[in-house]
Amino acid sequence: MGSREFSIIRPMSNRRAFLKFVAASPLLAVVPGLAEAFQQGDLEQAQYALDVFDIEAAAQKVVPPAHWGYLMSGVDGEVTLRANRDGYNRYQLKARRFVDVSRIDTSIELFGAKFSSPVLMCPIGSAGAFHPDGEVGAARAAQVKNQLLVLSTQASKSVEEVVKARSGPVWFQLYTTPDFDITTKLLRRAEAAGCAAVAITVDLPAGRNTVTGTRLARQDTRTCGACHTDATGNRMTPRSGTGTATKPMFSGINMQGVGLTSATLTWDFIKRVRDVTKMKVLIKGLEDGEDAALAVQNGADGIVISNHGGRATETGRGTIESVAEVAAAVRGRVPILVDGGVRRGTDVFKALALGANAVGVGRPYIWGLAAFGQPGVERVLDILNNELRLAMVGCGTRTIREITAAALIDTRRG
């Protein structure tokens, strides 16, 4: 090789260019572990993430231990947490050919509002612990991508701020509290802010045992005791010295001795809620077909199949396992949503095929928020929506309505 050939080589100007060069190199195929090393490398921008697990790795590097533990913890031995994810492996997709898939429509409609896809953003409390923008950053991403956002009672930002940032449909997730007067105030404030629906959480009637969250909190060198309590397992629940919770949703409400949840709920609670709000009423936390049928019988407008992301009862059963049962009980009378363990667009496809109308993600979009703010949330939504679109193409399903159980193989049944 002559000197002229050497002269055309230029030093790479930045680390990203170098990574792109190496990523295209045959070395990745022949050097053991090299591909994995680059796959897990630092992300400089959200757009470089190839799947949500890239985003997770980036988030873990910037989130302190106690907050990471709060986000990632399941309960007890975390069998249910793992089952949420592993349950999707039970199902395989049936590929279909010679179908015109040049146009794919992922849009859905819920209670008269249209969204770009069935991927919805689940309520997660204390989003401000992961990025200063908190739920407002998530709402802005939801606005850009036209996705449904469900706001937690435990949000770090006010419901008014979040609805304004979304500039479109927002649903409110309700922790019931044992005091219906407080519950009424929460409902009326959410409705006045513009929330279109309320999802009543019923899967945490009497606390929980978040072992991983507690362990990681002990490893954190910061002093968190002044503003956080773990009496009910809700480590990210701040209190003031006067007994008034400092989360925006409880502004002006004395919470002295009042918990977030109630162990005395009965089906009559749905009627009581409907009597004080015009919002659509969904029940969040059902996993049983009989309960789902009773919810509809008692006036629920929708069902959210959920085990609180593996953070409620340690059933050992993933939420995907409940979808077909609940769908059979509901018989199309109200929308069915499901969350828990969703990490791929193919997971969304499988849940829809089993009978869900929309599918929630929680931890993944918070990873995006923690690592990159609003752009990170947008990237997570883009990844999941693109994976869903590709699954629809491969299975010959051009609209969400065309996704049925015929597109699945249940490996337990052969």
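This report walks through the core, two helix pairs and a few notable loop residues of a predicted model.

**The chain overall**

Let's start with the broad picture. The chain has 414 residues, and 52% of them are buried. Its secondary structure comes to 17 helices and 12 strands. If you take the contacts between residues at least 6 apart in sequence, 71% join residues at least 24 apart.

**The core**

In soluble globular proteins, nonpolar side chains tend to be buried together. Here the largest nonpolar core holds 119 residues, and Val 198 and Tyr 365 are the ones that touch the most other members. Helix α17, which covers residues 374–395, gives the most to this core, with nine residues.

What does Val 198 contact, once its neighbours within four places in sequence are set aside? Its partners are Phe 172, Leu 174 and Leu 187, then Val 273, and finally the run Met 279, Lys 280, Val 281 and Leu 282.

**Two helix pairs**

Two packed helices are described by the angle between their axes and the distance between the axes. Here are the two pairs:

| Pair | Angle between axes | Axis distance |
|---|---|---|
| α15 (residues 345–354) and α17 | about 60 degrees | 7 Å |
| α5 (residues 52–60) and α16 (residues 363–372) | roughly 50 degrees | within 8 Å |

Take α15 and α17 to begin with. An angle of about 60 degrees falls short of the 65 to 115 degrees that counts as roughly perpendicular, so these helices are oblique to each other. Their crossing is right-handed. On the α15 side the contact uses Gly 345, Thr 346, Val 348, Phe 349 and Leu 352, while α17 brings Leu 384, Glu 387, Leu 388, Ala 391, Met 392 and Cys 395. By type, the residues of this contact are eight nonpolar, two polar and one charged.

Now for α5 and α16. These two are oblique to each other as well, but their crossing is left-handed. From α5 come Val 52, Ile 55, Glu 56, Ala 58 and Ala 59, and from α16 come Pro 364, Trp 367, Gly 368, Ala 370, Ala 371 and Phe 372. That contact divides into nine nonpolar residues, one polar and one charged.

**A closer look at α15**

How many of the 10 residues of α15 are buried? Nine are, so the helix is largely enclosed by the rest of the structure. The buried residues include Asp 347 and Lys 350, alongside nonpolar ones such as Val 348, Phe 349 and Leu 352. Just after the helix comes Gly 355, with a positive phi near 130 degrees.

**Loop residues worth a look**

Thr 106 sits in the loop between β1 (91–93) and β2 (108–110). With a relative accessible area of 16%, Thr 106 is buried. Its C-alpha atom is 5.8 Å from that of Ile 400, although the two are 294 residues apart along the chain. Beyond its neighbours within four places in sequence, Thr 106 contacts Ser 116, Ser 117, Pro 118, Met 392 and Ile 400. Met 392 also takes part in the contact of α17 with α15.

Most residues other than glycine have a negative phi, and most peptide bonds are trans. Two residues with positive phi deserve a mention. Asp 76 has a phi near 50 degrees and lies in the loop between α6 (65–72) and α7 (79–86). Thr 177, with a phi of about 60 degrees, belongs to the loop between β6 (170–175) and α10 (180–193).

Is each of these buried or partly exposed? Asp 76 is partly exposed at 39% relative accessibility, whereas Thr 177 is buried at 3%.

Conventions
Residues are numbered from 1 along each chain as its sequence is written. This is a predicted model: local features need pLDDT of at least 70, side-chain atom pairs count only at pLDDT 80 or more; totals for chains, interfaces and linings use all residues. Side-chain values use heavy atoms; hydrogens and water are left out. A nonpolar core is a set of buried Ala, Val, Leu, Ile, Met, Phe, Trp, Tyr and Cys residues joined through side-chain atoms within 4.5 Å. Buried means under 20% relative accessible area, exposed over 50%, partly exposed in between (1.4 Å probe, protein chains only). Helices (H or I, at least four residues) and strands (E, at least two) are DSSP runs, numbered from the N terminus. Contact means heavy atoms within 4.5 Å. Axes are lines fitted to C-alpha atoms, for helices over the stretch in contact, and angles run from 0 to 180 degrees between N-to-C directions. Angles under 35 degrees count as roughly parallel, over 145 as roughly antiparallel, 65 to 115 as roughly perpendicular and the rest as oblique. A crossing is left-handed if the near helix is turned anticlockwise from the far one by less than a right angle, and right-handed if clockwise. Ala, Val, Leu, Ile, Met, Phe, Trp, Tyr, Cys and Pro count as nonpolar, Asp, Glu, Lys and Arg as charged, and the others, Gly among them, as polar.
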